[in-house]
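Me: I'm new to this structure and would like to learn how to read it. Could you take me through it feature by feature?

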Amino acid sequence: MSLLKKLDEQTTHRLQARTLIGRSRHCALRVRRPEVSGEHAVLRYADNTWAVRDLASRNGTLRNGTPVAPGEWVPLEEGDVIAFGHPDNRFRLVDASPPVAAALPVDGGEPVEAVEGLLLLPDEHSPEATVHRDADGQWVLDDGDALRPVHDGTLIELGGRGWTLFLPEGVVSTAQAAALRPTLDVVRLRFEVSRDEEHVRLTAFHGDRPIELGDRAHHYTLLTLARLRLEDQGLPDAEQGWVDQPRLLRMLAIDPSKLNLDVFRARRQLADAGIGGAAALVERRTYPRQLRFGVVAVEVTPLGDADS
């Protein structure tokens with residue numbers, strides 16, 4: 001969790017990917033001091049590094065006592081002290097870890113933050129869309145109908161509200177991600193299915209370590225997609241498992257909103273379990289509108305018959 005601490009008050013502020021600092025109510029970090037300009041400075045996380053930029057403020061910005069030239073990005077390290085407008089108005093970067101993706105309501109209120117890189121909007125209970133990185137490391141919004149690119153600062157409308165997206169610009173490498181936590185591209189998934197197919201238990205294996213995901217209603221949607229991919233194992237990987245959305249809806253006897261909700265919940269469950277790259281659990285094509293199961297290492301066994 002990236003944190004900035006106000007030294008004279010000992011209060012901490014959680015940093016977003018791009019944090020505007022100043023007196024204005026539009027600033028993510030409001031500093032109500034007369035020597036601080038309305039929009040005084042900005043902190044951002046890009047290329048795996050925090051940096052500060054003075055926005056031509058009236059009284060300037062200091063990094064460890066040295067003036068920051070207006071308009072220039074100055075890299076920061078954990079422990080650096082930044083002063084806005086006056087040498088005594090000091091903040092320390094006490095945690096320089098990467099920020100999480102977040103969305104801030106335009107009309108005010110608490111931000112919604114991503115879990116393991118997966119941002120569900122407007123909330124996790126009734127999601128209408130997810131924001132996540134695609135296979136190329138670029139941020140995309142998936143509303144169930146299409147994928148579209150989004151960026152830090154993009155404005156979107158969901159759930160009858162406007163949202164500003166705060167998205168880290170740096171891309172975590174595959175090697176870094178694997179070192180931090182299990183990722184979807186290295187785990188193996190096992191479905192255990194009851195004879196009447198009323199119960200579907202899902203387990204992820206990271207090496208020999210099982211991650212129990214239990215029996216959930218949305219697992220049947222995943223199972224259907226996984227079976228379609230298994231049927232195509234003789235085809236090239238890029239061609240395996242794709243199914244037209246109308247056909248999938250008929251197979252499941254559900255409507256598009258239920259399908260989207262199942263996909264959102266499945267992704268969130270994996271993210272909550274600490275599995276990185278959960279957005280790739282179900283892949284989409286916009287034209288034609290198709291879906292497929294995104295995991296190659298998958299098996300389906302009768303419930304109770306799986307090897308321990």
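Me: Let's begin with strand pairing. In which sense do strand β1 and strand β11 pair, and over how many bridges?

Reply: Keep in mind that this is a predicted model. To read a pairing, look at the direction of the two strands and then at the bridges between them. Here β1 (residues 3–6) and β11 (residues 90–95) pair in the antiparallel sense, over 4 bridges. For one rung of that ladder, take Lys6, whose bridge partner in β11 is Phe91.

Me: Which sheet order do these strands belong to?

Reply: Walk across the sheet from one side to the other and write down each strand as you meet it. You get β2-β1-β11-β10-β7-β8, an open sheet of 6 strands with antiparallel pairing. The edges are β2 (11–14) and β8 (66–67), since each of them pairs on one side only.

Me: Now a single residue. Is Thr130 buried or exposed?

Reply: For that, check the relative accessible area, where buried means under 20%. Thr130 has 0% relative accessibility, so it counts as buried. It sits in strand β15 (residues 129–133).

Me: What surrounds Thr130, leaving aside its neighbours within four places in sequence?

Reply: Look for residues from elsewhere in the chain. Thr130 is in contact with Leu118, Leu119, Leu120, Val140, Leu141, Asp142, Phe264 and Arg267. With Arg267 there is also a polar contact between side chains, at 3.2 Å. Arg267 itself is one of the buried residues of α4.

Me: How does Arg188 compare? What is its exposure?

Reply: Same approach, with a middle category this time: partly exposed lies between the 20% and 50% cut-offs. Arg188 has a relative accessible area of 30%, so it is partly exposed. You'll find Arg188 in strand β20 (residues 188–193).

Me: Which side chain does Arg188 join through a polar contact?

Reply: That would be the side chain of Glu299, at 2.9 Å. Beyond its sequence neighbours within four places, Arg188 is in contact with Thr203, Ala204, Phe205, Gly207, Ala297 and Glu299.

Me: Thr203 is in that list. In which strand does Thr203 lie?

Reply: Thr203 lies in β21 (residues 200–206). With a relative accessible area of 3%, Thr203 is buried. Its side chain makes a polar contact of 3.1 Å with the side chain of Glu212. Its contacts, again leaving aside neighbours within four places in sequence, include Arg188, Leu189, Arg190 and Glu192, along with Pro210 and Ile211.

Me: On to helices. Which residues of helix α3 are buried?

Reply: Mark the buried positions and then look down the helix axis. In α3 (residues 245–252) these are Gln245, Leu248, Leu249 and Leu252. They fall within an arc of 100° seen down the axis, so they line one face of the helix. What covers them includes α2 (219–231), α4 (256–272) and strands β23 (243–244), β24 (282–285) and β25 (290–293).

Me: What follows α3?

Reply: Ala253 comes after α3, and its phi is positive, near 60°. After α4 there is Gly274, with a positive phi near 85°.

Me: How many residues does α4 have, and how far does it reach?

Reply: Take the span from the first C-alpha to the last, then hold it against the expected one. α4 has 17 residues and reaches 24 Å, close to the 24 Å expected. The 13 residues of α2 reach 18 Å, close to the 18 Å expected.

Me: Last topic, the nonpolar core. Which residues touch the most other members of the largest one?

Reply: Count, for each member, how many fellow members it touches. Of the 36 residues in the largest nonpolar core, the leaders are Leu189, Phe191, Leu222, Leu281 and Phe293. The largest share, 6 residues, comes from α4. Leu222 is one of the buried residues of α2. Not counting residues up to four places away in sequence, Leu222 touches Phe191, Leu202, Ala266, Leu281, Val282 and Phe293.

Me: How many residues does the second, separate core have?

Reply: That second core has 18 residues, including Leu15, Trp50, Leu76 and Phe91. You met Phe91 earlier, as the bridge partner of Lys6.

Notes
Residues are numbered from 1 along each chain as its sequence is written. This is a predicted model: local features need pLDDT of at least 70, side-chain atom pairs count only at pLDDT 80 or more; totals for chains, interfaces and linings use all residues. Side-chain values use heavy atoms; hydrogens and water are left out. Two strands pair if DSSP finds at least two bridges between them. Buried means under 20% relative accessible area, exposed over 50%, partly exposed in between (1.4 Å probe, protein chains only). Contact means heavy atoms within 4.5 Å. A polar contact is a pair of N or O atoms within 3.5 Å; within protein, one must be able to donate a hydrogen and the other to accept it, and residues adjacent in sequence count only if both atoms are side-chain atoms. The arc is that of the directions from the helix axis to the C-beta atoms. The expected span of a helix is 1.5 Å times one less than its number of residues. A nonpolar core is a set of buried Ala, Val, Leu, Ile, Met, Phe, Trp, Tyr and Cys residues joined through side-chain atoms within 4.5 Å.
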